[in-house]
Amino acid sequence: MKLVGERHTKHLLFIVSEDWYFVSHRLHLAVRAARDGYRVGVLCRVSSHRAFLEEIGLEVFAWTLQRRSRNPLAEWRAVCEVRAVLRSFQPDLVHAVALKPVLYSALAALGRPCGKVFALGGLGFVFSSRQLLARTLRPVIAMALRMAFRGALSRLILQNPDDAALLLQATSIAPEKVRLIRGAGVDVAAFAVTTEPQGKVLVVLPARMLWDKGVGEFVQAARILRERGVDARFALVGDRDEHNPACVPLHSLRAWEAEGIVECWGHCQDMPAILAQAHIVCLPSHREGLPKVLLEAASCARPIVAFDVPGCRETVVPGSNGLLVPLGDVAALADAIEALVADAPLRRRMGAQGRLMAERQFSQERVADQTMHVWREVAA
């Protein structure tokens, strides 16, 4: 299927860190834009999706960005690559996602008369961590963000009001430049309702294997429940992310699996199939923008257990489609999981409410409509 409009009226360039992230979180926006007549380009680090993106009609530009790099020469090279693509592609609109792409595209686009939409899925390491490095970088990044939003043709998309309040306080970005769009949306047709499978209850944590996704707390809760004699399976579903400072070491994953506490499934391409196998989805993340995987869980009518933190509380209505527990309270996390393991009718009721929420509030079509409205605000 070639996504080509009848005529190209404007050029839109997405700037993201990884091609896999673009495919999972932003592809539906590119599809919508292409069908509406945009010529669409994607600047990203290319791993395995270039052929697919080009086959459907998008133009792909390889980027050497390394998310974890702090080498000044490598970072400047990444900025220069953005500048070169801006010269060749001549976008009318730039849509950059995540902190480094936002900062580097803002720097590279200085003086260019294009519209700029910058999106942060969450505040990430710099604004959410208490580590010394994060506290050192925070004022520098805040100053850079203030500069990025000086132009009239710029907007910032955030996913929850907690992030908006924190970032506005830290950066003094003009509030009228900020727009709230609740997540990347979910394909409610692809993530369809399925009947719970028979057999032992399966609780999954679907996320990158990062400490701040709550992997450690999930394992502790699983250990508590095993000691209580709760008959359930626990699975970690997702890849390690060695570019992230919070990456869980491989030896920890292997030790937990050898102990029999959790199953480590690694990266799984077919998330609807994973959720069809699950009875409960648990994401004890420490902070989120608005986690797409919880929208997918809700769309598949699976009850959710999460910490009561920004992003997760936007997705879970306690007692309706899931349960929220205080951040870091592993005993409460275990109690919430145990309550759902023991009560199949409750799981079904919560799953049905989650599906309604996904359909009414979080569909990809709704998110695309809201995003395109922001694009029109900054159209040059």
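**Notebook: strands, helix crossings and a few odd residues**

I started with strand β5 (residues 115-119): 5 of its 5 residues are buried, so β5 is largely enclosed by the rest of the structure. Buried here means under 20% relative accessible area, exposed means over 50%, and partly exposed is in between, with a 1.4 Å probe and protein chains only. Strands (E, at least two residues) and helices (H or I, at least four) are DSSP runs, numbered from the N terminus.

Ground rules before going on. This is a predicted model, where local features need pLDDT of at least 70 and side-chain atom pairs count only at pLDDT 80 or more, while totals for chains, interfaces and linings use all residues. Residues are numbered from 1 along each chain as its sequence is written, and side-chain values use heavy atoms, with hydrogens and water left out.

**β5 and its partner**

I checked which way the β5 side chains go. Gly 115, Val 117 and Ala 119 point one way, Lys 116 and Phe 118 point the other way, and all are buried. Then I looked up the pairing: β4 (residues 93-97) runs parallel to β5, with 5 bridges between them. Two strands pair if DSSP finds at least two bridges between them. One of the bridges joins Ala 96 to Phe 118 in β5.

**Between β4 and α5**

Next I went to the loop between β4 and α5, where Ala 98 sits. Ala 98 has a positive phi of about 90° although it is not a glycine. Its relative accessibility is 28%, so Ala 98 counts as partly exposed.

Pro 101 caught my eye because it is found in helix α5 and, at 2% relative accessibility, counts as buried. What does Pro 101 touch, leaving aside its neighbours within four places in sequence? I get Ile 15, Val 16, Ser 17, Trp 63, Leu 65 and Ala 96. Contact means heavy atoms within 4.5 Å. I also noted Leu 43, which is 58 residues from Pro 101 in sequence and 9.5 Å from it in space, C-alpha to C-alpha.

**α4 against α5**

I then looked at how α5 (residues 99-108) meets α4 (residues 72-89): the axes come within 9 Å and cross at roughly 60°. Axes are lines fitted to C-alpha atoms, for helices over the stretch in contact, and angles run from 0 to 180 degrees between N-to-C directions. The two helices are therefore oblique to each other. For the angle classes, under 35 degrees is roughly parallel, over 145 roughly antiparallel, 65 to 115 roughly perpendicular, and the rest oblique. The α4/α5 crossing is right-handed, i.e. the near helix is turned clockwise from the far one by less than a right angle.

On the α4 side I list Glu 75, Trp 76, Ala 78, Val 79, Val 82, Arg 83 and Leu 86, and on the α5 side Lys 100, Tyr 104, Ser 105, Leu 107 and Ala 108. By class that is 8 nonpolar, 1 polar and 3 charged residues. Ala, Val, Leu, Ile, Met, Phe, Trp, Tyr, Cys and Pro count as nonpolar, Asp, Glu, Lys and Arg as charged, and the others, Gly among them, as polar.

**α7 against α8**

I pulled up another helix pair, α7 (residues 132-148) and α8 (residues 161-171), whose axes come within 9 Å and cross at roughly 90°. That makes α7 roughly perpendicular to α8. Ala 142, Leu 145 and Arg 146 of α7 meet Leu 167, Ala 170 and Thr 171 of α8. The class split is 4 nonpolar, 1 polar and 1 charged.

**The six-stranded sheet**

What is the strand order in the open sheet of 6 strands? I read β10-β9-β8-β11-β12-β13, with parallel pairing. β10 (263-266) and β13 (322-325) stand at the edges with a single partner strand each, so one side of each has no neighbour in the sheet. On average, neighbouring strands are turned by 25° against each other, direction ignored.

I zoomed in on β11 (residues 280-283) and β12 (residues 304-307), which pair in the parallel sense over 3 bridges. Leu 283 has Ala 306 of β12 as its bridge partner. Helix α12 (residues 292-299) packs on the sheet and touches β8 (201-206), β11 and β12, its direction making about 165° with that of β11.

Last stop was Ala 301, in the loop between α12 and β12. Its phi is near 65°, a positive value in a residue other than glycine. At 14% relative accessibility, Ala 301 counts as buried.
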